[in-house]
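Colleague: I'd like to learn how to read a model like this one. Could you walk me through it?

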Amino acid sequence: IISPSGAFAGMSYAVPAAEAARVFAEAKEGRRVRRGWLGVSLLQADPVMLARLGVRGRAGGVINEVIAGSPAEKAGFRRGDIIVSCDGSPVETNEDLIHRIYTRRPGDKAEIVFLRDGREMSASVTLTERTEGGTAPVRSVRGAAAGGGNASWEGIDFRAGRDGALVLKVSPDSRLYGYLHEGDLIREINRSPVLDAAGLRKAAAGADLREGVLFDLVRDGQPMYLSVQSQR
């Protein structure tokens with residue numbers, strides 16, 4: 001793509017030929033292209049994340065959100081489940097799962113193998129078409145910690161309450177500097193709930209950054225898992 005400086009400054013993309021042919025055939029017949037929808041979003045798991053979720057020696061994508069009213073919710077999927085395959089093909093990233101589901105039609109079934117608390121499980125899920133309202137996660141997310149008291153850990157100041165521990169300040173010397181941000185709401189540490197200052201201290205006492213720590217937090221209103229491992 002020509003640019004004033006002579007450097008590449010554009011964007012290009014490619015569509016698989018088989019997918020283009022399928023869509024073209026449907027459009028030629030006057031049919032609207034319909035896509036299957038499962039209703040989850042995945043995070044690519046790392047060894048720390050998998051270990052803290054009760055899984056070792058496996059690969060997969062961790063469910064970060066389950067959309068309310070989606071086929072995934074109706075099939076019983078939960079946040080923190082780890083999807084390892086779809087229709088016999090391995091899944092490690094959100095893109096892997098989208099690729100498996102996106103080419104299916106509403107009404108098709110998807111065979112999902114997943115892990116929960118270290119146990120392998122399977123589900124046959126009937127896909128639907130995504131609706132305009134199909135974006136809200138099953139569990140509402142609050143953005144502030146109410147009540148409770150203040151606490152400090154690893155150079156971080158928190159205000160703990162019934163919704164979690166709100167990060168007030170992160171010291172530049174902290175081993176968690178660059179990982180946790182001011183305004184993050186910590187709900188769990190290594191799957192131990194943080195509901196007040198005592199809960200924060202208890203969870204922190206059992207956390208070893210050299211072995212790896214998994215945070216379940218809310219950032220900018222969105223839930224996320226964050227794994228941190230530090231040898232210093």
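**Reading the fold and its pocket**

Modeller: Happy to! This is a predicted model. Start with the secondary structure: the protein has five helices and 13 strands.

Colleague: What percentage of the 232 residues counts as buried?

Modeller: Buried residues make up 41% of the 232. The protein exposes about 12900 Å², with 51% of that area supplied by carbon and sulfur atoms. For contacts between residues at least 6 apart in sequence, 52% join residues at least 24 apart.

Colleague: Now the pockets, please. How does one look for empty space?

Modeller: Rolling a probe the size of a water molecule over the atoms reveals where space is left empty. Here, the largest pocket holds about 350 Å³ of space. Its lining consists of 17 residues, and those nearest the centre are Trp 37, Gly 39, Val 40, Ile 98 and Arg 130.

Colleague: Which element supplies the largest share of that lining?

Modeller: Helix 4 does, with five residues. Strand 1 (40–44) and helix 4 (94–102) each bring at least two residues to the lining. By class, the lining residues comprise eight nonpolar, five polar and four charged.

Colleague: One residue to finish: is Ser 230 buried or exposed?

Modeller: Buried means under 20% relative accessible area. Ser 230 counts as buried because its relative accessibility is 10%. Ser 230 sits in the segment after strand 13 (222–228).

Colleague: Which residues is Ser 230 in contact with, leaving aside neighbours within four places in sequence?

Modeller: With those neighbours set aside, Ser 230 contacts Arg 175, Leu 209 and Arg 210.

Key: Residues numbered from 1 in each chain as written. Predicted model: local features only at pLDDT ≥ 70, side-chain atom pairs only at ≥ 80, totals over all residues. Heavy atoms only, no water. Helix = DSSP H or I, 4+ residues; strand = E, 2+ residues; numbered from the N terminus. Buried < 20%, exposed > 50% of the residue type's maximum accessible area, 1.4 Å probe, protein only. Contact = heavy atoms within 4.5 Å. Areas by Shrake-Rupley, 256 points an atom, 1.4 Å probe, with all protein chains shown as cover. 1 Å grid on protein atoms, 1.4 Å probe; cavity = no way out; pocket = protein on both sides within 12 Å on 5 of 7 lines; lining within 4 Å. Points joined across faces, edges and corners; volume = space filled by probe spheres on them. Nonpolar A, V, L, I, M, F, W, Y, C, P; charged D, E, K, R; others polar.
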